[in-house]
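Q: I am new to this structure and would like to go through it step by step. Could we look at it together?
A: Certainly; please put it up and ask as you go.

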Amino acid sequence: EKELKLARALNDRHLEAEALYLAGAMYGELKQVDRELEYELKALEIYRKEKNERSIALMLGNLSSNYIDRGDFKTALEYLQQALEIYIRNADGEKTAWIYRAMGDVYSQTNQHAKAVTYFQKALEANTKTETKQLLTASEITKSMAWAYARKNDFKNAFYAYLDHEELEDSIKNQDNRTFLHELEAKYETGKKEQEIALLNKDREKQQAEIALKESEAKEQKAQRNLLLIGCVLVLAVAAIAGWAFLTKKKANKILAQQFEEINHKNVIIREKNKDITDSINYAKRIQEAVLPLPSELNNFFSESFVFYRPKDIVSGDFYWFSQMDDFAILAVGDCTGHGVPGAFMSIIGHDLLNQVVLEDKVRKPAEILRYLDKRVTNTLNKRGGRQEYRDGMDIAICAFDKKENKVTFAGANRPLVIKRGAEIIELPPNKFAIGGSQDSSCKLFYQHDVTLQESDIVYMFSDGYHDQFGGSSGKKLKYHHLKDYISKLAKQKLADHQGVLVAHFDAWKGDIEQVDDVCVVGVRI
């Protein structure tokens with residue numbers, strides 16, 4: 001509530017929506033469903049105005065949960081359907097599977113069990129198209145599917161669905177749990193066979209009794225009394241067997257219930273750990289975003305600019321750096337080894353070393369900056385003095401812009417510079433070695449280029465994530481020469497429009513294929 005009040009005072013709509021969403025979630029935990037609904041609807045309204053589709057879909061899912069708590073399943077399904085359309089449009093397989101499963105749960109609760117099974121099957125199909133959390137999600141879906149089959153009295157399919165659930169659960173636990181589940185299955189099969197044997201014995205003894213009864217009709221009364229005695233003994237034997245089977249089954253069920261409770265407890269622990277890890281990485285993302293300059297800072301120096309920055313995972317190994325000194329500014333775009341958490345650590349190191357070299361040591365020439373940066377990255381990664389050879393480093397493009405002379409000086413380590421002059425493309429080649437890595441710094445000679453800029457020139461700097469993306473009709477890489485050709489054909493318009501066109505082209509090329517690397521594209525015009 002305090003965050004919400006401050007966000008409104010700052011007129012920060014994004015922060016206001018975040019505060020409304022989080023506060024609504026807390027009211028939901030407190031079972032204050034009306035307050036929860038009020039806050040979530042307000043958050044949804046802001047996200048719709050911002051056209052933030054992922055956040056809109058998230059809020060629609062939360063609202064469906066609220067209406068399920070109220071018993072309004074029709075409205076819940078409407079919200080789930082809206083969220084589903086967004087996730088399908090954005091090719092988010094994990095969230096699509098989650099929505100299908102939620103819809104299946106709603107149909108199951110409203111006794112539409114056949115429909116529920118259909119949606120659980122859709123959830124499993126969508127889940128196979130995603131790599132993250134696939135086993136855990138599939139486990140939850142098959143568990144819900146087992147309940148749906150059971151409620152429609154289809155116990156055969158319920159049993160097989162539950163076996164699928166157990167198999168998936170087994171895959172995400174340690175070897176001890178897998179052995180334990182196999183033992184349970186063996187005990188179940190043993191008990192089943194013992195019951196079959198008991199029933200066969202009972203049938204055989206019944207047949208013998210019928211034969212004996214027919215023979216006794218021709219015998220004397222004494223034989224009839226003996227037959228009656230035998231019949232009593234058989235009844236007692238059957239009763240003893242049935243009693244023994246009942247006690248054995250009761251004991252086995254008790255053990256199974258205890259083991260099932262233990263498995264559920266371990267599942268809760270695993271989910272909590274997964275949530276803690278995800279929350280930590282999301283917090284690291286906020287730290288990384290705080291380190292990067294705001295895109296609007298570039299407009300304080302350049303007449304126009306844009307930044308297309310999209311991590312492959314939550315955090316990124318790509319970064320950009322900017323510093324202005326009156327009519328002189330330095331802009332850099334770096335691509336660190338790896339992506340995700342390791343790449344993010346490298347990007348923080350690169351950002352910090354650029355601060356040291358440019359701001360503290362006051363090095364201004366791009367080639368000199370690369371030379372200092374190469375030595376310090378190597379020293380940072382090998383500061384313990386061990387014999388292990390570190391291959392970690394980064395590719396980077398650095399530009400120094402001089403407004404008075406209308407000139408740009410460029411030096412790059414494995415990353416080129418592209419200047420769009422009308423329909424012409426001017427490409428400045430980089431030095432063919434990376435910053436850091438296993439190559440000796442004394443063997444690296446960095447050189448730089450000087451170019452006088454014209455009024456319409458647009459300078460592009462980028463990592464390799466854009467042109468290395470797989471996609472298109474044949475599922476191949478976009479490639480660097482294709483990107484240059486596409487940039488050359490861009491119409492003369494605002495750079496903000498260039499950003500939108502490049503983002504749309506990337507998404508259209510990628511399609512349903514997973515993003516393979518972090519992406520960072522920066523365009524500026526003096």
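Q: In what order do the 5 strands of the open sheet come?
A: In this predicted model, the order is β1-β13-β10-β6-β7, and the pairing is antiparallel.

Q: Which are the edge strands?
A: They are β1, residues 304-310, and β7, residues 424-428; each of them pairs on one side only.

Q: By how many degrees are neighbouring strands turned against each other on average?
A: The average is 15° for this sheet, with direction ignored.

Q: How many bridges join β10 to β13?
A: There are 4 bridges between β10 (residues 458-462) and β13 (residues 519-525), and the two strands run antiparallel. One residue to look at is M461, whose bridge partner in β13 is V522.

Q: And which strands does helix α15 lie across?
A: Helix α15, residues 480-488, lies across β6 (417-421), β7 and β10. Its direction is at about 140° to β7.

Q: Turning to the interior, how many residues are in the largest nonpolar core?
A: That core has 52 residues. Those with the most contacts inside it are L331, L354, I396, F401, I435 and V522. Its largest share, 7 residues, comes from strand β4, which spans residues 393-402.

Q: What is L331 in contact with, leaving aside its neighbours within four places in sequence?
A: Its contacts include M461 and V522, the bridge partners mentioned above. Among the others are L298, F302, W321, F322 and F401.

Q: Which residues does the second core include?
A: This separate core has 47 residues, and L20, Y39, L60 and Y100 are among them.

Q: A change of topic: where is S108 found, and is S108 buried or exposed?
A: S108 is found in helix α6, residues 93-109. The residue is buried, with a relative accessible area of 3%. Not counting residues up to four places away in sequence, S108 touches H113, A116, A148 and R151.

Q: Now the cysteines. How many disulfides does a search of the whole structure find?
A: The search finds 0 disulfides.

Q: Why does C336 have no bond to the closest cysteine sulfur?
A: The closest cysteine sulfur is in C520, and it is 11 Å from the sulfur of C336, so it is too far for a bond. A disulfide would need the two sulfur atoms within 2.5 Å.

Q: Is C336 buried or exposed?
A: C336 is buried, with a relative accessible area of 4%. C232, by contrast, is partly exposed, at 41%.

Notes:
Residues numbered from 1 in each chain as written. Predicted model: local features only at pLDDT ≥ 70, side-chain atom pairs only at ≥ 80, totals over all residues. Heavy atoms only, no water. Buried < 20%, exposed > 50% of the residue type's maximum accessible area, 1.4 Å probe, protein only. Core = buried A, V, L, I, M, F, W, Y, C linked by side-chain atoms within 4.5 Å. Contact = heavy atoms within 4.5 Å. Pairing = 2+ DSSP bridges. Axes fitted to C-alpha atoms, helices over the stretch in contact; angles between N-to-C directions.
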